[in-house]
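Colleague: I am new to this one. Could you take me through it with a few questions and answers?

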Amino acid sequence: MNQITEQERAAIEILRSTKNDVVEAALIAKEALAAGRGRLKRAKRCIAAGAEALRQQERTVSFQKAVEAALEARRDRRARTLWDFRYFTRRFMKRCRGLSTRRVRAISSQECAVYIEQAFDTPRQRRKARLILSGVFGTALKRGWCSENPVARVEVPRVTEQRIEVLQRDEIERLLTTARHYGGGCCLAAVGMMLYAGIRPHEVARLSWQEVDVDGGTISILPRHSKTGGSRVVSIHPPLRRILQASKAQRSGHICPPRWLYHWRELRRAAGFHHWVPDVLRHTFASYHLRYFRSYSELQYETGHRDSALLRTRYVSMRRVGDAAGFWA
């Protein structure tokens, strides 16, 4: 039997000092040498590279910290965008148990799909939730907290667009009458703009009276106000002109009163609309506009759409449109 040399005995003592199994430690050293093609310097570089890769893999944060970082990265976005981001991420953490403390690097695509299903109920909500969740992981990826964006491999929820039925004349009159009396008419101008100019609720919330030229017959929707980031100019037709002229005492500052969304919801309830379809006033405007003016190109210009495809397939519904001439009189 060969005698163990002093050098071999020293190596064994070194392996023992690691307080690991000596055989396993020797096997690891052998694997390192094999990776270094039998060369010690190369083996050391392999170990150093592996250690760095491991540090990168272990460098991560909790989902809640990733959300905070993503919000900070978006601090210059519109208030509505930030509100949506906060709402969706809070709902994720509220409905998905343990998600807030999960390490983002450990979250898989399958888990992301489950989180989206758990936290949100409708395809439209899930579609937006997927987008916002992807934004959280996108920020984490840039910071080196994860090696990929797992949401990229989550299927986009399919949303089936349905035609929205417009308000009938008696419903329109009920809404306008309530708006004239609610809060001293503080919401009347905003309601008129949504109904007779097709301006979206969140767009009208950003508008000020400076963008309204009653005498010139136009309202300017600036890029910072519009949903799509593009500007457009909409026309003030006779019924809207009368509404705006009746609001002379309020023609300063913003079009909408403080806490606009709260007042808009309460006004609808006061008018008897307990089930309200989002954007129904914009769809009502589009349908009555097309029935009376008979021009897709003009309607496209007024609504700010890139083309008339969406107007033709979803926006315009003629089934309930009655006296269009009376609507615009």
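Colleague: Which residues in α12 do L175, T178 and A179 in α8 meet?

Modeller: Happy to help! A word on the basis: this is a predicted model, where local features need pLDDT of at least 70, side-chain atom pairs count only at pLDDT 80 or more, and totals for chains, interfaces and linings use all residues. Residues are numbered from 1 along each chain as its sequence is written, and side-chain values use heavy atoms, with hydrogens and water left out. Helices are DSSP runs (H or I, at least four residues) numbered from the N terminus, and contact means heavy atoms within 4.5 Å. On that basis, the α12 partners of L175, T178 and A179 are W264, L267 and A270.

Colleague: How is α8 set against α12: parallel, antiparallel, perpendicular or oblique?

Modeller: Axes are lines fitted to C-alpha atoms over the stretch in contact, with angles from 0 to 180 degrees between N-to-C directions. The axes of α8 (residues 169–181) and α12 (residues 260–270) come within 9 Å and cross at roughly 120 degrees. Under 35 degrees counts as roughly parallel, over 145 as roughly antiparallel, 65 to 115 as roughly perpendicular and the rest as oblique. The angle therefore makes α8, relative to α12, oblique.

Colleague: And how do α13 and α14 run, roughly parallel or roughly antiparallel?

Modeller: Helix α13 covers residues 280–293 and helix α14 residues 296–303; their axes come within 9 Å and cross at roughly 150 degrees. So α13 is, with respect to α14, roughly antiparallel.

Colleague: How many charged residues are in the contact of α13 with α14?

Modeller: From α13, R282, F285, A286, H289, L290 and F293 meet Y296, E298, L299, E302 and T303 of α14. Here Ala, Val, Leu, Ile, Met, Phe, Trp, Tyr, Cys and Pro count as nonpolar, Asp, Glu, Lys and Arg as charged, and the others, Gly among them, as polar. This contact has six nonpolar and two polar residues, and the charged ones number three.

Colleague: Which helix gives the most to the lining of the second largest pocket?

Modeller: A pocket is an open set of points on a 1 Å grid over the protein atoms alone, where a 1.4 Å probe fits, with protein on both sides within 12 Å along at least five of seven lines; lining residues have an atom within 4 Å of a point. For the second largest pocket, α1 (6–17), α2 (22–35) and α3 (40–58) each supply at least two lining residues. Its lining has ten nonpolar, no polar and two charged residues. With five residues, the helix giving the most is α2.
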